[in-house]
Amino acid sequence: MLKDFMFHLPTKIVSGRGGLSELPSEARSLKGRNILIVTDKGVRAAGIVDRVVTHLNEGGFRGVYIFDDVAPNPRTDEVNKGYIYAKKVEANLLIAVGGGSSIDTAKGIGILIGNGGQIEEYEGIDKLKKPMPPLIAIPTTVGTGSEVTGFAVITDLKRKFKLTIGDVKLSPNVAILDSDLVASLPPRIIAATSMDALSHAIEGYVCKVSMPVTDAIALYAIELIAKNIRTAVYGDDYEAKANLQLAGMLAGIVISQTDVASVHCMGEALGGMYDTAHGIANASILPVVMAYNAIADIDKYAKIAKCLGIDTDHMTKREAAIASAHAVKELNEDLSIPSLSEIGVREEDMRTLAEKAEANMSNSVNPRAVTSVEYLTLFKKAYEGII
Ligand SMILES: [Fe+2]
C-alpha cells in the first residue's frame with residue numbers, strides 16, 4: 001500500500017560495548033561547559049554515574065553537576081526542582097543517565113531552560129517555541145526508547161494524569177548505548193522494560209500513522225525481543241541483554257516517527273493513578289488490546305505472530321493474528337508479569353481509568369476505534385486475566 005510519510009531522526013546513535021568512552025568527544029562537540037547529569041539514586045548507587053563522571057573528568061570537564069532526585073514516573077515537581085538546580089549551575093549541556101524517567105525528566109528540565117514557564121504549558125504536540133540545551137541520553141534500561149524520541153511523559157500531580165509533550169526539539173542530540181551498562185540489570189527490570197519496548201514496536205507498527213520505514217524496524221525489534229527476552233531474564237546472558245538494549249532503541253525509533261496507541265492510553269492511565277511502573281502497566285494490558293485490535297488488521301497481526309516465533313504455516317491469517325495475543329499472554333506468564341488485580345487496581349476506579357484512557361492523545365490512532373465503553377471492558381478483562 002502506498003503511503004506518504006516523513007522520517008526525521010535527529011539523534012546520533014553510538015552503540016557498542018564500552019560505548020561510554022565516546023562521551024567526552026560527544027560532550028566536546030556539543031560545547032559542554034557546565035554539565036548537569038540527570039539521574040536517579042538507584043543508578044547512582046550502582047556506580048554508573050561515577051563512571052560517567054570519571055569519563056568526563058578524564059576528558060577535561062570540570063563543571064560536572066548531578067541531579068539525582070528522579071523517581072519512577074517522573075513528576076512535575078521533580079522537573080521544577082531540577083530546573084532550579086540547572087539554573088543555579090548554569091547548565092549548558094544535559095546528560096540523562098538512567099531509564100525513561102531520567103531521560104524524560106532531563107527533557108522537561110531542558111524545556112524549561114529553553115522556554116521558561118511551567119511544564120504543564122507544553123502538553124501536546126509542537127508547543128515549544130525555542131530549543132532546549134543539547135542533551136546526551138545514556139539509557140541504563142532496555143526498553144524506554146526515550147533516548148531517540150521527541151517525547152516526554154511527565155505525571156501531572158494536580159490532575160493525577162500523565163501528560164505527554166511531543167516535539168522534535170526534545171530529541172536527544174546523542175544516544176550512547178553501552179551494553180556494559182545493562183549487563184547487571186536485575187531480571188525484573190529487564191522483563192518490565194523489554195515488555196514496554198515490545199508494546200512500542202507493536203503499537204508503532206499497527207497504529208494509523210505507521211509508515212514503511214518504521215514497519216520494517218518494528219518487525220525486526222519484535223523478533224529480537226521475542227528471541228532474547230527469556231534468555232536475558234532467566235539466563236543472565238550478556239548478549240541477550242545487549243540485543244534487548246538494541247531492540248529497545250529500535251522500538252523507540254518506531255514510536256519517535258509514529259505513535260503509541262491504546263496499550264499506552266490504558267497503561268498511562270494506570271501509571272497516573274497508581275504509580276504503576278510503566279513497563280508493568282503496559283505488559284499487563286498488551287495481550288487484551290492485541291486480541292481486541294487483531295481483527296482490525298489481520299495481516300499485520302499475523303506478521304507479528306511470525307516475529308513472535310509462532311509457527312503460523314498451518315493457520316489461517318485470522319488464526320495467526322489472534323495467536324499473537326495469546327503468545328504475549330504466555331510471555332507475561334513466563335515473566336511473572338502481575339495482572340491488574342495483583343497490581344492493586346480497584347474495580348471502582350475502572351470507569352475513571354477508562355475515561356482517562358479515552359482522553360489520551362494517542363487514542364485516535366489505535367487501529368480499531370475505542371471509546372471509554374470499550375476501554376472499560378478491556379480494563380475488566382485485563383483485571384480478570386482473560387483476553
Ligand atoms: Fe512506553
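In the predicted model, the protein is divided into two domains, domain 1 covering residues 12-182 and domain 2 covering residues 187-384. The C-alpha centres of domain 1 and domain 2 are separated by 26 Å. To the contact between them, domain 1 contributes 26 residues and domain 2 contributes 29 residues. On the side of domain 1 that touches domain 2, at least two residues each are supplied by β1 (12-15), β7 (151-156), β8 (161-166) and β9 (174-177). Of these strands, β8 provides the largest share, namely three residues. Sorted by class, this side of domain 1 consists of nine nonpolar, 14 polar and three charged residues.

An open sheet is built from six strands, arranged in the order β1-β9-β6-β4-β2-β3 with parallel pairing. The edge positions are taken by β1 and β3 (63-67); each has a single partner strand, so one side of each is left without a neighbour in the sheet. On average, and with direction ignored, neighbouring strands of the sheet are turned by 20 degrees against each other. Strand β1, at one edge of the sheet, and strand β9, which follows β1 in the strand order, are also among the strands that supply residues to the side of domain 1 touching domain 2.

Within the sheet, strand β6 (residues 135-139) and β9 run parallel and are joined by two bridges. One residue involved in the pairing is Ala137, whose bridge partner in β9 is Ala175. Strand β6 is also covered by a helix: α5 (residues 100-115) lies across β2 (34-38), β4 (93-98) and β6. The direction of α5 makes an angle of about 160 degrees with that of β4.

A helix pair is formed by α9 (residues 262-274) and α10 (residues 278-293), whose axes come within 8 Å and cross at roughly 140 degrees. Because angles over 145 degrees would be needed for a roughly antiparallel arrangement, α9 is classed as oblique to α10. The crossing of α9 past α10 is right-handed. On the α9 side, the contact involves Ser262, Val263, His264, Met266, Gly267, Leu270 and Gly271. These residues meet His278, Ala281, Asn282, Ile285, Leu286 and Val289 of α10. By class, the residues of the contact of α9 with α10 comprise seven nonpolar, six polar and no charged residues.

Technical notes:
Residues are numbered from 1 along each chain as its sequence is written. This is a predicted model: local features need pLDDT of at least 70, side-chain atom pairs count only at pLDDT 80 or more; totals for chains, interfaces and linings use all residues. Axes are lines fitted to C-alpha atoms, for helices over the stretch in contact, and angles run from 0 to 180 degrees between N-to-C directions. Helices (H or I, at least four residues) and strands (E, at least two) are DSSP runs, numbered from the N terminus. Angles under 35 degrees count as roughly parallel, over 145 as roughly antiparallel, 65 to 115 as roughly perpendicular and the rest as oblique. A crossing is left-handed if the near helix is turned anticlockwise from the far one by less than a right angle, and right-handed if clockwise. Two residues are in contact if their C-beta atoms, placed from the backbone, lie within 7 Å. Ala, Val, Leu, Ile, Met, Phe, Trp, Tyr, Cys and Pro count as nonpolar, Asp, Glu, Lys and Arg as charged, and the others, Gly among them, as polar. Domain bounds come from an automatic or database domain assignment. Two strands pair if DSSP finds at least two bridges between them.
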